[in-house]
Amino acid sequence: MINFYIRDLYIERRCKKYRKMLKKITPNMMVEDVNKTVDFYKDILCCFELVASNPRKGKFEWALVTCEDNDIMFQSRSSLSKSIPEFSNKEIGGTLVTYIETENITEIYNSCLLYTSDAADELDGVDLGGR
């Protein structure tokens with residue numbers, strides 16, 4: 001029981017620190033049709049508005065929509081696959097890139113490595129990618 005308390009206290013302190021460092025997380029979702037996706041977020045969800053797109057008019061390859069403090073980027077499969085070829089055969093719906101704005105990404109990254117290594121040890125040697 002003491003080990004859990006110490007670990008919970010450690011996690012709580014680390015989380016407070018990261019809340020100050022983490023500025024924003026913005027997903028870039030792969031979609032088949034960026035224009036239709038933007039229209040859905042604008043017309044059906046109503047809160048979102050188009051902030052930027054490439055190209056500015058016509059058939060978009062990429063677009064950014066925003067609703068108050070929430071940004072979402074959409075990128076076509078063909079466009080995103082140019083920079084990440086592994087995405088060309090992935091299903092639409094769960095394929096995305098996440099942009100994280102922070103003050104100290106190295107510290108957060110190292111903490112994630114430490115966490116996944118600790119979690120792997122706790123799961124009887126299952127490696128979760130932190131080693």
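Author: Let's start with a yardstick: a residue is buried under 20% relative accessible area, exposed over 50%, and partly exposed in between, with a 1.4 Å probe and protein chains only. This is a predicted model, in which local features need pLDDT of at least 70 and side-chain atom pairs count only at pLDDT 80 or more, while totals for chains, interfaces and linings use all residues. Residues are numbered from 1 along each chain as its sequence is written, and side-chain values use heavy atoms, with hydrogens and water left out.

Reader: Thanks! Why is Cys46 called exposed?

Author: Cys46 has a relative accessible area of 57%, and exposed means over 50%, so Cys46 is exposed. Cys46 sits in the loop between helix H2 (34–44) and strand S2. Helices here are DSSP runs of H or I with at least four residues, strands are runs of E with at least two, and both are numbered from the N terminus. The phi of Cys46 is near 65°, a positive value in a residue other than glycine.

Reader: What makes a positive phi worth pointing out?

Author: Most residues other than glycine have a negative phi. Glu68 also has a positive value, with phi near 55°. Glu68 lies in the loop between S3 and strand S4 (70–76).

Reader: How do you know whether Glu68 is buried or exposed?

Author: The relative accessibility of Glu68 is 74%. The cut-off for exposed is over 50%, so Glu68 counts as exposed.

Reader: And why is the pair of Phe40 and Tyr41 given its label?

Author: Rings of Phe, Tyr and Trp (its six-membered ring) pair if their centres lie within 6.5 Å; planes under 30 degrees apart count as stacked, over 60 as edge-to-face and the rest as tilted. The centres of Phe40 and Tyr41 are 5.6 Å apart and their planes are at 80°, so this pair is edge-to-face. Tyr41 also pairs edge-to-face with Phe48, at 5.2 Å centre to centre and 80° between the planes.

Reader: Which of these residues are buried, and what makes them so?

Author: Tyr41, at 15% relative accessible area, falls under 20%, so Tyr41 is buried. Phe48, at 14%, is buried by that rule too. Phe40, at 40%, lies in between and therefore counts as partly exposed.

Reader: Which residues make up the cluster?

Author: Ring pairs link Phe40, Tyr41, Phe48 and Phe74 into a cluster.
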